[in-house]
Number of protein chains: 2
Amino acid sequence: MLTYIFEKDSKTPLYEQLYRMIRDDITSGKIEAGSKLPSKRSFSEHLGVSKVTVEAAYSLLIAEGYIYSVEKKGYYAEQVGIVPFAQPRSEEAAPPVKYEANLKSNGVSLKYFPFSVWAKLMREVTLNYSRELMEPVPYNGALCLREAICEYLAENRGMRVLPSQVIIGAGTEYLYGLIIQLLGFDKKVAIENPSYSRISAVYRSHGVDCLYVDMENDGISIDGLYRSGADVVHISPAHHFPTGTVTTQKRRLEILEWASEKDSRYIIEDEYDSEFRFVGKPISPMQVSDANGKVIYINTFSKTIAPSIRISYMILPPALAREYEKRLGFYSCTVAAFEQYTLATFISEGYFERHIRRMKRRYKVLRDDIISQIENSPIADRVEILEPDSGLHFILKIATDKSDSEISEICGKEKIKIAFLSEYYVGKKDAGEHLALINYSGISSEEFKKALICLEKATAL
Amino acid sequence: MLTYIFEKDSKTPLYEQLYRMIRDDITSGKIEAGSKLPSKRSFSEHLGVSKVTVEAAYSLLIAEGYIYSVEKKGYYAEQVGIVPFAQPRSEEAAPPVKYEANLKSNGVSLKYFPFSVWAKLMREVTLNYSRELMEPVPYNGALCLREAICEYLAENRGMRVLPSQVIIGAGTEYLYGLIIQLLGFDKKVAIENPSYSRISAVYRSHGVDCLYVDMENDGISIDGLYRSGADVVHISPAHHFPTGTVTTQKRRLEILEWASEKDSRYIIEDEYDSEFRFVGKPISPMQVSDANGKVIYINTFSKTIAPSIRISYMILPPALAREYEKRLGFYSCTVAAFEQYTLATFISEGYFERHIRRMKRRYKVLRDDIISQIENSPIADRVEILEPDSGLHFILKIATDKSDSEISEICGKEKIKIAFLSEYYVGKKDAGEHLALINYSGISSEEFKKALICLEKATAL
């Protein structure tokens, strides 16, 4: 059985020592993924500690996604995402697989990127802003871009914010890193479970503790949030990835209430595809209802314009914006001046709104086409379409006796990439099973047709 | 006298507790900058701890730049760079002062930015790379750009590196953050004293301990480096800012030797303006002599092309490059695909080398003009020009009875911005006094003429 030596004089409680030692063994691969851990009773006897100590360590390990429990069976080590060490290479690795259809990628097709307009604006910028391009861009981004964003948010999202609250950065992942530096590395961050794995990857890579809190039908579990002991919660209330859940107004107010109860609490509102809502009135961001300066709002242009545009922004509450200037204002802005001026012109001259409207129409046509393909295919009898009204993906609930990994494998052989919700859960064994993710922003109707034929075959009863 | 309560049962030694308590009071402003600290003897009696404890705490505080000692006088709190809290603002802050001449800024004039070539290449990229621009850029940057960089480094710097060792990022500060995540937040980083303050600012902002090690005529003090207990040393051997020192070959080998003695040790070689050496043969980077995979080489295109280009890169030793891919490969590259392809073409079609040659000629003419202006001005009698053969700045040693801050103030009133070496030292009171920094990359001959007249007046005996 696993044997651990405790530091008897340590100020760290025994359950936390045990938690850390097991965690490190799982991370390092010493305890293999999927292997069974000792039962609480036998482990406590073996280690000479109380059963409560083992219980507390196991709960922490479950909460943090290192182990999972199977009812009436016991505890098992989670696959914590260790990639096998690459062999020394003398040349560049092979390019990634070219798929016939990729339903996992949430990339945006560059087909609709308004190249000619963008090129025209770049030329204009070199002519009109030649003087400004010579000045260094402020730490928080070019003023004209921050102004254009504020105006756009006021008109389209009902947000009243000042250019001094805006921070421009090269991608949302970079902004997460800045938020950690701003709020402190000691903060515990609650992450939605399931979620986009890169979010927690950024926090973990900065040594920040991530606590997984379950998603419910109304949004992140409010009880789970309280129980987690988190300082900061990172959520996508407008359209959650991957479940597609839109957080209800009631839950939003509960989360704001949670944040207002302690000075150290903050909400990171990550609106990655909020522009694309097809049915009903768009819901205001939580930022609008934030009376206490608790919401850090994040959005990106990679989804709305093109992934080749690496420009994201965050809106800080005024007090945090001052704190940012004071402590992190030494950082140079990571986005080239050129691109900032071009994007500012793109927004302020109305191209952005028109582009969004056009894309929304295109995506709606594509979505309707894909849904009709599904409804008219032999698979129609055994599937159900969930959450199709917002964002750039929906869920296909499939009745099948094949496991998700079997289906992925069969599809993969035909160069069809498919993902299931189950891949995005941490520490929950059977959650999200048979819920396929249909990301349609990057594929064509023809590509989906191929994918559907393959999926029909792979899930046949 | 200052009173502190120690935690008697703590595992943290008393000297470290004392160090932390004083540090926090200096950082928070409770101990004012410039105020005198108690003598070691009286403080140890007052606190009821040994004199050795106080001595150890004071040494740490000096090493970390929180206090400084004045011979035969005592210990004083350092100005640790706290900016007074800004008032809540209802609108954007006023734009920065427009100077008649700015000798502090090491910016690059955009006057010589090859706009028309760049615009032409951007158009070519949209035509030739339309397919590639649709694919996501790999985490480490576009392959064509990494290949172009490797080829350039092989031809011009004698470096033999593979594209798989290159990581492209939006600015060097962002790369420092990635290095911290790669090497670990627990690593202690030795910083040159004096140095460019943003380097330590990035490390500190990530919670990483910075240890200041003195610069000597041959490079960073090797004894100081050993004594510091650092794991990582961050240096600019090709041309140190602000002293202009070029690290000797002997010292380079000593630093490589230091790094090879422990697995955890690494050298960050930051070559921000190595392209511009006017006299003698360029020295090979330390990366070339690195047999043990200890050197992380960093360079940027902001200095060589234009500050509006936010593209930097680092070369990792092969083992670290594999570790990076494994642990940090989830990060999206922070530079837009567009810019990467444009820059790759700019380099591979030879524009970059031609641009560098042209800039070198221009900078040499400008430097010679500026030096001749100095030698033919009334100030000639009381100045000495130091380190003018490399990089984009040199030092003017001025014999004057005015203090550096008096001179800066007089010049400031006439909208001439001037900086002294003394501003870049941490924890050393009179170091670098009367050594003015002449950064000429961003100014014109006319602007320098105005600056010189003002400097002559301000330093008059």
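Here are some notes on the chain A fold, a sheet in chain B and the cysteines.

1. First, a caveat: this is a predicted model, so read everything below as computed from that prediction.

2. Chain A as a whole. How many helices and strands does chain A have? The tally is 15 helices and 16 strands. Its C-alpha atoms fill a box of roughly 75 × 60 × 55 Å along the principal axes. For 461 residues, a compact globule would have a radius of gyration near 23 Å, and chain A comes out at 24 Å, so the two agree.

3. Inside and outside of chain A. Of its 461 residues, 55% count as buried. Chain A exposes about 19800 Å², with carbon and sulfur atoms supplying 50% of that area. If you take contacts between residues at least 6 apart in sequence, 72% of them join residues at least 24 apart.

4. The sheet in chain B. Now switch chains: 8 strands of chain B make an open sheet with mixed pairing, in the order β4-β11-β10-β9-β8-β5-β6-β7. The edges are β4 (166-169) and β7 (219-220) of chain B; each has a single partner strand, so one side of each has no neighbour in the sheet.

5. The β4 end. In chain B, β4 and β11 pair antiparallel over 4 bridges, and B:G169 has B:S312 in β11(B) as its bridge partner. Moving along, β11 (residues 312-315) of chain B is also joined to β10 (residues 295-300) of chain B, again antiparallel and through 4 bridges. There, B:I298 sits opposite B:M314.

6. Is β4(B) buried or exposed on its two faces? Both faces are covered: B:V166 and B:I168 are buried on one side, and B:I167 and B:G169 are buried on the other. As background, side chains in a regular strand alternate between the two faces of the sheet.

7. A helix over the sheet. Helix α10 (residues 249-260) of chain B lies across β6 (210-216), β7, β8 (232-235), β9 (266-270) and β10 of chain B. Helix α10 of chain B runs at about 140° to β9(B).

8. Cysteines. If you were wondering about disulfides, the count is 0 over all chains. Why does B:C333 not form one? The closest cysteine sulfur to that of B:C333 is in B:C144, 11 Å away, which is too far for a bond, given that the cut-off is 2.5 Å. B:C333 counts as buried, at 4% relative accessibility. B:C210 is buried too, with a relative accessible area of 1%.

Key:
Residues numbered from 1 in each chain as written. Chains lettered and ligands numbered in written order. Predicted model: local features only at pLDDT ≥ 70, side-chain atom pairs only at ≥ 80, totals over all residues. Heavy atoms only, no water. Buried < 20%, exposed > 50% of the residue type's maximum accessible area, 1.4 Å probe, protein only. Pairing = 2+ DSSP bridges. Contact = heavy atoms within 4.5 Å. Axes fitted to C-alpha atoms, helices over the stretch in contact; angles between N-to-C directions. Rg over C-alpha atoms; globule rule 2.2 N^0.38 Å. Areas by Shrake-Rupley, 256 points an atom, 1.4 Å probe, with all protein chains shown as cover.
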